[in-house]
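Got your viewer open? Let's take a walk through this one together, one selection at a time.

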Amino acid sequence: MKKAILTMALTLAACWQAMAYTADVSSPDGRLKVTVEVKDGRATYAVSYDGKAVLEPSPLGFVADFGDLTGGLTLLGTEEVKIDQEYDLSRAKTSHVHYVANGLIVGLRNERSQRFMVTFRVSNNDVAFRYGIPQGRQGCARIMSEATGFDFPDGTTTFLTPQSDAMIGWKRSKPSYEEVYKCDQPMTEPSQYGHGYTFPCLFRTPDAWVLISETGVDSRYCGSHLSEHQGNGLYTIAFPMAEENNGNGTVEPAMALMGTTPWRTITVGKDLAPIVETTAPFDNVKPLYKPNRDYKFGKSTWSWIVWQDASMNYDDQVAFIDLARQMNYPYILIDANWDKEIGKDRMKELIDYAHQQGVDVFLWFSSSGYWNDIVQSPINGMDNPIQRKEWMRWMQSLDVKGIKVDFWGGDKQETMRLYEQVLSDADDYGLMVIFHGCTLPRGWERMYPNYVGSEAVLASENMVFGQEFCDNEAYNACLHPFIRNAVGSMEWGGTFLNRHLARGNEGGTTRRSTDCLELATAILYQNAIQNFAITPENLRPVSEGGAPKESIDFMRTVPTTWDETRFIDGYPGRYVVLARRSGQTWYIAGVNAEKTKKTLTLDLSRFVQKGDAVRLYTDNLKNQDPVLKEAYKVKNPAKQTITMDTNGGFVMVK
């Protein structure tokens with residue numbers, strides 16, 4: 001009798017698995033749709049926009065230490081939910097968000113009755129989904145791998161940067177999210193290193209633009225990336241490499257149950273506006289602690305970016321403190337080796353001098369001393385909780401406002417745990433935190449109130465190191481608003497006004513861009529603390545190699561925090577025009593990376609009205625200095641003509 005009952009149960013389970021069950025959820029405007037299907041024991045989801053496939057049926061599920069949840073699945077049930085929330089942001093592309101989405105929770109189980117759920121949230125241009133694992137016989141789980149995939153239709157092209165080998169590059173400090181992007185590549189093009197692609201990942205299907213990323217990664221999971229193309233349009237979630245962080249830490253993340261994975265996000269648009277304007281990284285995460293104080297953001301001087309290691313001495317730092325005062329910048333960033341070249345004891349004297357000039361201080365630290373070969377100091381100060389708190393207590397006693405922590409080299413859960421520990425401890429001592437040589441921020445602007453930005457990009461320092469990076473500056477400026485900076489704050493550290501990127505404005509690499517391009521990047525690149533590349537020689541008269549007054553005056557007043565961001569025109573790697581609002585003032589900026597001058601007719605009627613007087617900075621086609629048209633009268637805002645030089649740009653301020 002028992003054998004007959006068991007046979008019947010197995011037969012029924014097989015019948016359930018053979019049947020197809022579907023459920024779907026659409027965005028509030030009905031244009032974006034997710035369809036979940038359970039068929040032949042496998043769960044998939046598909047995404048469409050205006051009835052056209054954005055993602056074809058893509059796999060769901062994962063393998064845990066307690067069981068395989070990728071096959072033998074049956075549907076337990078579904079639940080529909082509504083999401084309507086408002087929240088404020090102080091350090092991202094917009095200051096206030098009203099998030100409205102429709103949700104679908106799908107319950108699944110395998111043949112051993114091990115359960116999990118998939119939660120989808122669909123707003124007008126964004127899909128977010130994650131797994132939830134209830135507590136069963138075990139109170140914790142280790143995730144061995146994910147089947148989670150993204151299956152693009154034929155004809156899709158890619159705009160991607162590769163995930164680096166581990167333990168290569170400068171002092172074996174990679175991966176540091178500092179690789180080159182390739183645009184408009186076929187999906188069959190392999191990545192440079194064979195490890196897949198760093199988030200975020202931009203795709204162009206035959207019918208839409210799609211940006212893939214993840215958010216909500218904290219100490220309870222690892223950072224992920226996309227695999228190599230698996231064939232037939234499919235990419236899957238990939239975990240870190242075992243070699244990362246010098247082999248320290250496990251590849252597979254572990255969690256207490258009930259637990260959830262990070263949110264994977266899919267942003268979709270017929271044009272690039274939803275990509276540039278998305279708030280998907282922030283919509284489904286929450287602040288993890290209340291701030292210890294009211295943090296203030298703004299501009300900073302930074303000697304190292306142009307004057308390099310030799311500037312790490314007392315007198316040169318005084319020069320950059322004086323520069324910050326003259327530029328009305330609230331901060332100076334004092335970079336690596338300050339403890340050796342200036343000395344911890346004399347730093348009090350230097351910081352006191354900065355405060356007398358109305359300038360506050362950020363100090364550089366290495367992330368650790370045991371997972372790369374970095375010798376720039378201070379090292380071993382941030383990874384050890386005892387030493388970390390000693391350093392932070394000392395900085396608090398001197399009223400230091402923030403730290404820059406460099407050379408991370410990995411995405412393992414152990415590394416993510418250290419990011420969170422540094423942020424949490426820093427808040428206890430009133431310190432803001434910038435990360436450099438690091439991973440992508442994943443919703444951290446909302447999660448951690450003292451987080452102010454990450455590099456995680458092939459940034460401005462490379463222009464000092466190699467002429468090819470100067471030659472490609474415009475190309476990069478036309479990438480990041482659509483990709484890297486679309487999902488998180490980007491500490492680029494640019495806006496060079498030196499023509500030659502060396503002390504004295506002589507020698508070194510040569511900047512190819514016009515001043516208007518440099519001014520435009522101060523708007524295009526979003527980060528709450530901007531460590532600009534302004535140098536004391538920029539304040540000299542133009543006849544002595546100084547920067548034009550128009551450029552200096554602009555850099556004195558440009559904001560670093562924004563209330564609104566809007567896409568106007570562009571194509572990744574070719575050109576870009578976008579607008580950001582600070583208070584009641586709109587800043588409209590554009591850059592041209594094409595090989596010839598580019599004339600655009602732009603619809604700016606959303607930002608300016610006929611007869612408005614604006615400040616307009618345009619390329620001087622005779623030299624690289626900007627042409628400033630004060631009180632320029634807008635005649636036809638719906639058809640505003642702008643010409644940008646090659647490697648050039650423009651800025652309009654209203």
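What follows is a short tour of a predicted model, with stops at a sheet, two helices and a few cysteines.

**The sheet.** Start by selecting the strands β27-β26-β25-β24-β23-β22-β30, in that order: these seven form an open sheet with parallel pairing. At the edges you'll find β27 (451-454) and β30 (529-531), each with a partner on one side only. From one strand to the next, the twist averages 25°.

**A pair inside it.** Now pick residues 360-366 and 402-406. That's β24 and β25, which pair in the parallel sense over five bridges. Which residue in β25 stands opposite F365? Click on V405 and you have it.

**A helix across the pair.** Add residues 385-397 to your selection. This is helix α7, lying across β24 and β25 and running at about 165° to β24.

**A lysine.** Next, go to K348, which sits in helix α6 (residues 338-356). K348 is partly exposed, because its relative accessibility is 43%. Show the C-alpha atoms of K348 and L398 too: they are 50 residues apart along the chain, yet separated by 6.7 Å.

**The cysteines.** How many disulfides are there to look for? The count comes to zero. Take C201: the nearest cysteine sulfur belongs to C183, 13 Å away. C201 is also buried, with a relative accessible area of 0%. Finish at C470. Why no bond here? Its closest cysteine sulfur, in C478, is 16 Å off, so the two are too far apart for a bond. C470 is buried as well, at 1% relative accessible area.

Notes:
Residues are numbered from 1 along each chain as its sequence is written. This is a predicted model: local features need pLDDT of at least 70, side-chain atom pairs count only at pLDDT 80 or more; totals for chains, interfaces and linings use all residues. Side-chain values use heavy atoms; hydrogens and water are left out. A disulfide is a pair of cysteine sulfur atoms within 2.5 Å. Buried means under 20% relative accessible area, exposed over 50%, partly exposed in between (1.4 Å probe, protein chains only). Helices (H or I, at least four residues) and strands (E, at least two) are DSSP runs, numbered from the N terminus. Two strands pair if DSSP finds at least two bridges between them. Axes are lines fitted to C-alpha atoms, for helices over the stretch in contact, and angles run from 0 to 180 degrees between N-to-C directions. Contact means heavy atoms within 4.5 Å.
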